[in-house]
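Please look through the sequence and the model below before reading on. The briefing that follows starts with confidence, then turns to the overall make-up, and ends with a few chosen places.

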Amino acid sequence: RTRLQSRLPRPSPATRMAAELPGSRVFADGTPATGPDFEFDRIDARHWRQLLESKPQRRKLHHNPSAASVHSREAGRPWRRAGDAEIAAANEAAKPEMFRKRLRGWAVQTSKGLKTSFGVDVDASSIQSKLADAWRIRERLAAAEGTARAAADEAGARRDAIADDAADVLSAAEAANAALEAAREALGALRARRAAAEARVA
C-alpha cells in the first residue's frame, strides 16, 4: 500500500454491499447510480451473509478509452441528467435564432449569386423575407400533407376493416345457406319416411 492509498477512506460495508448487488453501481457516498432501486432494510439476510463472506469484485479501469465512449456510456446517468437537460433547453431556445441566421446566409448567398451571374442587384433583406414566407408555406404544406396522409391511412384501415367484416358476413351467410340446405334435405327425408309409413298402414 502506498502512502496515498493509506490516506484514502475505505468504503463502508453498506457501500460495498450496494456496489456488489447485481446490476448496481454506487457513488462514493453509497447513492445508487445505476441498476434497480433498492432499500437496505429489504435485502434478504442470506444475501447480506453472502456479501459479507465474499471478496470485493475487481473491476478493470480503461486507462485510454476510445473517443466519446465514456460520454456515450454515461448518457442518462444521474450526474448527466441536469446538464443534458440544460443543453437540450438551450438548443431548443436557440433554434429560432439559428434558423434566422441560416435564412440570412441563404439570402446573402443568393444576392451575391444574382449579382455575379446575372448582374441583378437584389437586396438580401428582401430575399430573406421571401425565403421566410416560402419556408412557412412549405411547413404548412408539409403539415397538410401529413394530415392528408394520416386521413388516408385511417380511411384505408376502415376500408380493410369493412372488407374483413363483409368477408365474415359472407362466410356466415354461406354457412347459413349450407345449414338451410341440410335442413331441407333432412325435412324431405322425414316426409318420405312419413309417406312410406302411411302407405304401409293403409
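Over residues 1–9, where pLDDT stays under 50, how many contacts beyond four places in sequence does the model have? The model has one such contact for residues 1–9, and since this is a predicted model, that stretch is a suitable place to begin a careful reading.

**Confidence along the chain**

- The protein chain has a mean pLDDT of 80, and 80% of its residues reach 70 or more.
- Among the elements of the protein chain, the lowest mean pLDDT, 43, belongs to helix α1, which covers residues 3–7, while the highest, 92, belongs to helix α5, which covers residues 78–118.
- A further stretch in which pLDDT stays under 50 is residues 18–24, and for these residues the model has 24 contacts beyond four places in sequence.

**Overall make-up**

- The protein chain holds six helices and two strands, and when the elements are read from the N terminus on, their order is α-α-β-β-α-α-α-α.
- Of the 202 residues in the protein chain, 11% are buried.
- The accessible surface of the protein chain comes to about 16900 Å², and carbon and sulfur atoms account for 57% of that surface.
- If one takes the contacts in the protein chain with a separation of 6 or more, 40% of them are between residues 24 or more positions apart.

**How helices α5 and α6 meet**

- Helix α5 packs with helix α6, which covers residues 124–201, at an angle of about 125°, and the two axes are 8 Å apart.
- Angles from 65 to 115 degrees count as roughly perpendicular and those over 145 as roughly antiparallel, and α5 and α6 are therefore oblique to each other.
- The crossing of α5 and α6 is right-handed.
- On the α5 side, the residues that make this contact include Phe-99, Arg-100, Leu-103, Arg-104, Trp-106 and Ala-107, while on the α6 side they include Ala-124, Ile-127, Gln-128, Leu-131 and Trp-135.

**Two buried residues in these helices**

- Gln-128 is found in helix α6, and Gln-128 counts as buried because its relative accessible area is 17%, which is under the 20% cut-off.
- Once its neighbours within four places in sequence are left aside, Gln-128 is in contact with Arg-100, Leu-103, Arg-104 and Ala-107, and these four residues are named among those by which α5 makes the contact with α6.
- Arg-80 is found in helix α5, and Arg-80 counts as buried because its relative accessibility is 13%, again under the 20% cut-off.
- Leaving aside its neighbours within four places in sequence, Arg-80 is in contact with His-71, Glu-74 and Ala-75.

**A loop residue with a positive phi**

- Ala-68 lies in the loop between α3, which covers residues 45–53, and α4, which covers residues 69–73.
- Although Ala-68 is not a glycine, its phi is positive, at about 65°.
- Is Ala-68 buried or exposed? Ala-68 is exposed, because its relative accessible area is 52% and the cut-off for exposed residues is over 50%.

Methods. Residues numbered from 1 in each chain as written. Predicted model: local features only at pLDDT ≥ 70, side-chain atom pairs only at ≥ 80, totals over all residues. Heavy atoms only, no water. Buried < 20%, exposed > 50% of the residue type's maximum accessible area, 1.4 Å probe, protein only. Contact = heavy atoms within 4.5 Å. Areas by Shrake-Rupley, 256 points an atom, 1.4 Å probe, with all protein chains shown as cover. pLDDT = per-residue confidence, 0-100. Axes fitted to C-alpha atoms, helices over the stretch in contact; angles between N-to-C directions. Parallel < 35°, antiparallel > 145°, perpendicular 65-115°, else oblique. Left-handed = near helix turned anticlockwise from the far one by under 90°.
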